[in-house]
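Colleague: I should like to go through this model with you, one question at a time. Please give the reasoning before each result.

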Amino acid sequence: METNEHGLALARAYQQRDAVLPVGPIYLTIETTSHCNLACVMCPQPRMRRKKLHMDTALFRSLIDQAAGSVEFAWLHLFGEPLTNRDFPDMVRYAARHGGGMRIGASTNVTLLDDERAAALASLPLDVLLLSMDGITAATYEQVRVKADFERVVENVRRFADAWLAAADRPPNVVVSFIDLPILHDDTRDAAAFWSGIVPPRFVLNRKPFQPWALQDALAEGISRRVGAGPARRRRTTGCHEFFRGMAVLSDGRCVPCCNDYEGRIVLGDAGVQPLSEIWNGPVLQRLRREHVPDNELCRYCPQYAPLPEHATLPVSPFQPWNELQGYVADNVLEGR
């Protein structure tokens with residue numbers, strides 16, 4: 001199915017509040033690992049209770065095989081550092097080879113980019129790569145990226161940039177991504193000038209809004225307080241378009257509605273034993289799609305994914321995550337580049 005037809009079919013289903021969708025998901029988030037070498041203050045990973053593990057390669061390949069021809073964009077990262085999984089490069093290459101033209105994206109905290117890994121990452125068939133950086137001094141960066149060394153990470157970014165410039169085939173879209181945390185206000189203001197002297201002009205410098213993790217529990221509220229956002233719980237009053245465009249697959253194969261579900265609170269199904277098509281139109285997602293306002297432990301206080309009027313009529317947004325990502329990057333480029 002052509003992308004525009006696919007997006008339009010999902011947009012129409014969303015507008016009509018259909019419970020069973022006539023086409024498959026247009027995006028997948030695939031957690032290639034839930035291991036991480038850092039303990040960042042804005043992330044629930046260091047304190048989440050579920051088991052940390054690398055995704056089984058056979059499961060990953062099965063997901064790509066099933067998604068080929070439907071999924072437009074696969075994001076190969078969730079709660080973990082992809083480069084801790086030694087199979088990650090092979091996973092990217094498999095998705096590029098067997099994904100039916102799906103675009104592929106990933107994110108890294110850059111801490112593991114020695115010469116060998118930098119050269120390998122710079123040559124992977126990724127469509128977009130985020131280099132996640134927060135803070136432009138050792139004091140601010142290490143306050144946020146706990147267990148990381150600022151000077152070493154900056155050198156790793158330089159190393160990757162050199163490898164990227166030297167690579168014949170390389171990710172065409174590289175983004176230095178900087179979360180706009182209230183506790184890093186001054187760093188956010190000066191980030192463009194800092195990074196412009198380090199990375200090639202082709203790299204995008206991106207201000208990424210802080211994600212409050214749906215304010216779903218005490219852990220999420222505590223994270224908001226630590227980064228200076230402060231929890232502001234308000235009951236949700238709108239529906240959610242995420243149930244109509246894609247889902248996330250945790251490293252153990254369980255499928256959840258979106259990237260906020262770090263504990264697997266709403267399990268849609270298990271991709272290790274069920275086909276994705278069965279999960280996509282299964283009873284849990286059907287119920288969530290029917291609800292005018294989702295009221296459950298994950299969604300009840302979530303401030304994200306509130307539908308705007310154009311979401312019901314334009315297939316490009318939010319049902320084409322690649323276009324959405326491109327627009328998001330363009331809208332949040334740091335000034336001073």
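Colleague: In which sense do strand 5 and strand 6 pair?

Modeller: In this predicted model, strand 6 covers residues 204–209 and is joined to strand 5 over six bridges. One of the facing pairs is Phe 178 with Arg 207, the latter in strand 6. The sense of the pairing between strand 5 and strand 6 is parallel.

Colleague: What handedness has the β-α-β unit that strand 5, helix 7 and strand 6 make?

Modeller: The two strands of the unit, strand 5 and strand 6, pair in the parallel sense. Helix 7, residues 185–196, belongs to the unit together with these strands. The β-α-β unit is right-handed.

Colleague: Over how many bridges do strand 4 and strand 5 pair?

Modeller: Strand 4 consists of residues 128–132, and its pairing with strand 5 is parallel. Val 128 has Asn 173 of strand 5 as its bridge partner. The number of bridges between strand 4 and strand 5 is five.

Colleague: How many of the eight residues of strand 5 are buried?

Modeller: Strand 5 spans residues 173–180 and pairs with strand 4 as well as with strand 6. The strand is mostly covered. Of its eight residues, the number buried is six.

Colleague: Which residue of strand 4 is the bridge partner of Gly 105?

Modeller: Strand 3, residues 103–108, pairs with strand 4 in the parallel sense over four bridges. The partner of Gly 105 lies in strand 4, and that residue also has Asn 173 of strand 5 as a bridge partner. The bridge partner of Gly 105 is Val 128.

Colleague: Which strands are the edge strands of the open sheet?

Modeller: The sheet has nine strands with mixed pairing, in the order 6-5-4-3-2-1-7-8-9. An edge strand here pairs on one side only. The edge strands are strand 6 and strand 9, the latter at 269–270.

Colleague: Which residue in strand 7 stands opposite Ile 30?

Modeller: Strand 1, residues 27–30, is joined to strand 7, residues 246–249. The two run parallel and are linked by four bridges. Opposite Ile 30 in strand 7 stands Val 249.

Colleague: Which residues of strand 1 are buried on the side opposite to Tyr 27 and Thr 29?

Modeller: In a regular strand the side chains alternate between the two faces of the sheet. Both faces of strand 1 are covered, with Tyr 27 and Thr 29 buried on one side. Buried on the other side are Leu 28 and Ile 30.

Colleague: Is Trp 75 buried or exposed?

Modeller: Trp 75 is placed in strand 2, where Thr 29 stands opposite this residue. Beyond residues up to four places away in sequence, Trp 75 touches Leu 28, Thr 29, Ile 30, Gly 105, Ala 106, Ser 107, Val 128 and Leu 130. Its relative accessible area is 17%; the cut-off is under 20%, so Trp 75 is buried.

Colleague: How many residues apart in sequence are Trp 75 and Tyr 27?

Modeller: Three bridges join strand 1 to strand 2, residues 73–75, and the two strands run parallel. Strand 1, helix 2 and strand 2 also make a right-handed β-α-β unit. From C-alpha to C-alpha, Trp 75 and Tyr 27 are 7.9 Å apart in space, whereas their separation in sequence, in residues, is 48.

Colleague: Are helix 2 and helix 3 roughly parallel or roughly antiparallel?

Modeller: The axes of helix 2, residues 57–67, and helix 3, residues 88–98, come within 10 Å and cross at roughly 25°. Angles under 35 degrees count as roughly parallel, so helix 2 is, with respect to helix 3, roughly parallel.

Colleague: What is the handedness of the crossing of helix 2 and helix 3?

Modeller: From helix 2, Thr 57, Phe 60, Arg 61, Ile 64 and Asp 65 meet Met 91, Tyr 94, Ala 95 and His 98 of helix 3. The crossing of helix 2 and helix 3 is right-handed.

Colleague: What is the relative accessible area of Gln 211?

Modeller: Gln 211 is found in the loop between strand 6 and helix 8. Apart from neighbours within four places in sequence, Gln 211 is in contact with Cys 259, Asn 260 and Gln 304. Gln 211 is buried, and its relative accessible area is 18%.

Methods
Residues are numbered from 1 along each chain as its sequence is written. This is a predicted model: local features need pLDDT of at least 70, side-chain atom pairs count only at pLDDT 80 or more; totals for chains, interfaces and linings use all residues. Side-chain values use heavy atoms; hydrogens and water are left out. Buried means under 20% relative accessible area, exposed over 50%, partly exposed in between (1.4 Å probe, protein chains only). Two strands pair if DSSP finds at least two bridges between them. A crossover is right-handed if, with the strands pointing away from the viewer, the path from the first strand over the helix to the second runs clockwise. Axes are lines fitted to C-alpha atoms, for helices over the stretch in contact, and angles run from 0 to 180 degrees between N-to-C directions. Angles under 35 degrees count as roughly parallel, over 145 as roughly antiparallel, 65 to 115 as roughly perpendicular and the rest as oblique. A crossing is left-handed if the near helix is turned anticlockwise from the far one by less than a right angle, and right-handed if clockwise. Contact means heavy atoms within 4.5 Å.
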